[in-house]
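Dear colleague,

Please find below the structure that I am handing over to you, together with its sequence. I would be grateful if you could read the notes that follow with the coordinates open.

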Amino acid sequence: MIEMLSDIDRQLLLAVNGSDSLFLDHAVRTLTHALTWVPLYLGLFYMVMKNNDNFRRLLYVLCGAGLCVLLAGTVDDEIVKPLVARWRPTHDPEIGTLVDIVDGYRGGRYGFFSAHASNTMSIATFFGWLVRSRRLSLTLIVWSLTNCWTRMYLGVHFPGDILVGISWGFTVGTAVYFLYRRLTRSMYTPRNLNPSQYTTTCYRRQDCNWPVAIFVFTLTFVLIKACII
């Protein structure tokens, strides 16, 4: 059963890995780079800062986002990958020679599960719960899935690595949010309010539009850059 699932995973990977397009190669290499998304992180920070005049509450949000990355990515890189020791497609003895390598990029030896998928989905989930903005939630999910796609395109993760990473990221983001909710309950809930009415939704729509606009601008910039190079 496991061998059959592994074979399916390999076949799916080869179906979506790489292309003959230099435009896509350049775009994906930029999209998968962490520095590309620094403006988006700054946009999220600006949104949080604008809507939290309480420094302690602001600190909790930032710590929550940091905890998402710690549990989603660091646990994966430092514990799960060495323990499971599943080869990345680019290093896989069975299909390594069939994988389309982009600009010589192969990644580390082990790829289970995808830290890109878990990190981005944990952040998307945490802020989705926190802000409760449909537009922002959709944007962050698309951002996460874009990162997931780039990892398969580059051949450094199997689809199974991505699915497990997404699942772990969603679990971490949800758990961190409810921990944040528990720790900050007294900051949001008046003493005479029923606990069932508790909410952390206090984000203004115009401020939520900042990360959305930055995401769209970043995508546009990457595509234009890929056309020029």
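The notes below cover salt bridges, the main pocket, the nonpolar core and the cysteines.

Please bear in mind throughout that this is a predicted model.

Salt bridges

Searching the whole structure gives 9 salt bridges. Arg10 takes part in one with Asp7, where the closest N and O atoms are 3.2 Å apart. Both residues belong to helix α1 (residues 2-16), and they sit 3 residues apart, about one turn of the helix. Arg10 counts as buried because its relative accessibility is 13%, whereas Asp7, at 31%, is partly exposed.

Arg10 also forms a salt bridge with Asp92, at 3.6 Å from N to O. Here Arg10 comes from helix α1 and Asp92 from the loop between α4 (55-84) and α5 (115-131), so this pair ties together parts that are 82 residues apart in sequence. Asp92 is buried as well, with a relative accessibility of 7%.

A further salt bridge joins Asp207 to Arg204, with 2.9 Å between the closest N and O atoms. Asp207 is buried, at a relative accessible area of 4%, while Arg204 is partly exposed, at 37%. As for shared partners, salt bridges link Asp7, Arg10, Asp92 and Glu94 into one network.

The largest pocket

The largest pocket encloses about 510 Å³ of space. Its lining consists of 28 residues, and those nearest the centre of the pocket are Tyr41, Val69, Asn119, Thr120 and Ile123. Two or more lining residues come from each of α3 (38-50), α4, α5 and α6 (134-153). Among these helices, α4 gives the largest share of the lining, with 7 residues. By residue class, the lining of this pocket comprises 16 nonpolar, 8 polar and 4 charged residues.

The nonpolar core

The largest nonpolar core has 42 residues, and the members that touch the most others are Met47, Phe126, Phe127 and Leu130. At least two residues of this core are supplied by each of α2 (22-31), α3, α4, α5, α6, α7 (159-183) and α9 (205-228). Helix α5 makes the largest contribution to this core, 8 residues. Helix α5 is also one of the elements that give two or more residues to the lining of the largest pocket.

Cysteines

How many disulfides does the structure hold? There are 0 disulfides in the model. Cys148 is in none, and the nearest cysteine sulfur to it, that of Cys68, is 15 Å away. Since a disulfide requires the two sulfur atoms to lie within 2.5 Å, the separation of 15 Å between Cys148 and Cys68 does not qualify. Cys148 counts as buried, because its relative accessibility is 3%. Cys227, by contrast, has a relative accessibility of 58% and therefore counts as exposed.

When you open the model, Arg10 may serve as a starting point, as it pairs with Asp7 and with Asp92. The residues nearest the centre of the largest pocket, including Tyr41 and Val69, could be inspected next.

With kind regards

Key
Residues numbered from 1 in each chain as written. Predicted model: local features only at pLDDT ≥ 70, side-chain atom pairs only at ≥ 80, totals over all residues. Heavy atoms only, no water. Buried < 20%, exposed > 50% of the residue type's maximum accessible area, 1.4 Å probe, protein only. Salt bridge = Lys/Arg side-chain N within 4 Å of Asp/Glu carboxyl O. Helix = DSSP H or I, 4+ residues; strand = E, 2+ residues; numbered from the N terminus. 1 Å grid on protein atoms, 1.4 Å probe; cavity = no way out; pocket = protein on both sides within 12 Å on 5 of 7 lines; lining within 4 Å. Points joined across faces, edges and corners; volume = space filled by probe spheres on them. Nonpolar A, V, L, I, M, F, W, Y, C, P; charged D, E, K, R; others polar. Core = buried A, V, L, I, M, F, W, Y, C linked by side-chain atoms within 4.5 Å.
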